[in-house]
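I opened this entry to record what I looked up in the structure, going from one helix contact to single residues and then to the whole chain.

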Amino acid sequence: MYDDNEDRPEDHPVRGSGGDGGDGEGHIRPTDWRVPVAVAAVTGVLSYLVIDRIYGSIPMLPWSAIPTLLLLAAAETIAAVHTRRRIRRVPGTEPMEPLSAARLLALAKASVVFAALAVGGFGGMLAALAERFNAVDVRADALTAGGTLLSAVVLLAAALFLEHSCRVPGDEEPNRSRA
């Protein structure tokens, strides 16, 4: 396989490039709480402005986003529980492959951004519809937007839990100093 004179991949530590969102040592930092808050806030303002202008010309909201987001949240919660057990090597579980954990971490980070977009988008829509709440169609859309908003919050919590479950025990928090 490898000649004694060749470098083996396991001989080199993983190095971060600085642009990978890591800390420069091959580690990925946990999602900062400001990222989903900022994404939701910007999306909420944009959604409010757009919906306030064009609400009369768009079709009614489909309710199908509510169970879809809840199913995604349930799947990520189940994956988080199993991942946490496997990473912590609870007796009766198989050890987790690092690539599998990395894929789940990528899913969690993408889900955090997606859920924050949904929270902001449907929150802005709900705020825009609050002014027109006396029409029947508006009430139906407001209920759908509110349900989708709550489902997106559940997905956000599940994604953050999955991200947290991918941590290796014994790793220190990157923001804490070593004493």
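**Helix H2 against helix H3**

In this predicted model I began with helix H2, residues 65–87, and helix H3, residues 98–130, and I found that they pack at an angle of about 145°, their axes lying 11 Å apart. I noted the crossing of H2 and H3 as left-handed. I then listed who meets whom: on the H2 side there are Leu69, Glu76, Ala79, Thr83 and Ile87, and on the H3 side Ala101, Leu104, Leu107, Ser111 and Phe114. Sorted by character, the residues of this contact come to seven nonpolar, two polar and one charged.

**Helix H2 by itself**

I checked the length of H2 next: its 23 residues reach 32 Å from the first C-alpha to the last, which is close to the 33 Å expected at 1.5 Å a residue. Which residues of H2 are buried? I wrote down Leu69, Ala73, Glu76, Ala80, Thr83 and Ile87. Looking for what covers these buried residues, I found that the cover includes H3 and also helix H4, residues 136–165.

**Arginine 89, after H2**

Just after H2, I came to arginine 89, which takes a positive phi of about 55°. I marked this value for a second look, because most residues other than glycine have a negative phi. Arginine 89 is not a glycine and has the positive phi all the same. The residue sits in the loop between H2 and H3. Is arginine 89 buried or exposed? I entered arginine 89 as exposed, because its relative accessible area is 61% and the cut-off for exposed is over 50%. I also looked up its distance to proline 169: the two are 80 residues apart in sequence, and their C-alpha atoms are 10.0 Å apart in space.

**Three residues of helix H4**

Since H4 is part of the cover over H2, I went through some of its residues one at a time.

Alanine 152 has its place in helix H4, and I recorded it as buried because its relative accessibility is 0%. Leaving out neighbours within four places in sequence, I found alanine 152 in contact with Leu69, Ala115, Ala118 and Val119. Of these, Leu69 is one of the buried residues in H2. The C-alpha atoms of alanine 152 and alanine 65 are separated by 9.2 Å, although the two residues are 87 apart along the chain.

Valine 154 lies in helix H4 as well. How accessible is valine 154? I found a relative accessible area of 40%, so I put valine 154 down as partly exposed. With residues up to four places away in sequence not counted, valine 154 touches Leu70 and Ala73. I looked up the distance to alanine 73 too: the C-alpha atoms are separated by 6.4 Å, with the two positions 81 residues apart along the chain.

Alanine 158 is another residue that lies in helix H4. I counted it as buried because its relative accessibility is 5%, and buried means under 20%. Which residues does alanine 158 contact, its neighbours within four places in sequence left aside? I wrote down Ala73, Glu76 and Thr77; Ala73 and Glu76 are among the buried residues of H2. The C-alpha atoms of alanine 158 and alanine 79 are separated by 9.5 Å, and the two are 79 residues apart along the chain.

**Threonine 43 in helix H1**

I turned to threonine 43, which is found in helix H1, residues 34–54. I entered threonine 43 as buried, because its relative accessible area is 17%. Residues up to four places away in sequence again not counted, threonine 43 touches Leu117, Gly120 and Gly121.

**The whole chain**

Last, I looked up the totals for the protein. Its secondary structure comes to four helices and zero strands, and read along the sequence the pattern is α-α-α-α. The protein has 179 residues, and 28% of them count as buried. Among contacts between residues at least 6 apart in sequence, I found that 76% join residues at least 24 apart. The protein exposes about 11,900 Å², and carbon and sulfur atoms supply 61% of that area.

Conventions:
Residues are numbered from 1 along each chain as its sequence is written. This is a predicted model: local features need pLDDT of at least 70, side-chain atom pairs count only at pLDDT 80 or more; totals for chains, interfaces and linings use all residues. Side-chain values use heavy atoms; hydrogens and water are left out. Axes are lines fitted to C-alpha atoms, for helices over the stretch in contact, and angles run from 0 to 180 degrees between N-to-C directions. Helices (H or I, at least four residues) and strands (E, at least two) are DSSP runs, numbered from the N terminus. A crossing is left-handed if the near helix is turned anticlockwise from the far one by less than a right angle, and right-handed if clockwise. Contact means heavy atoms within 4.5 Å. Ala, Val, Leu, Ile, Met, Phe, Trp, Tyr, Cys and Pro count as nonpolar, Asp, Glu, Lys and Arg as charged, and the others, Gly among them, as polar. The expected span of a helix is 1.5 Å times one less than its number of residues. Buried means under 20% relative accessible area, exposed over 50%, partly exposed in between (1.4 Å probe, protein chains only). Accessible areas come from the Shrake-Rupley method with a 1.4 Å probe; for residues, only the protein chains shown count as cover.
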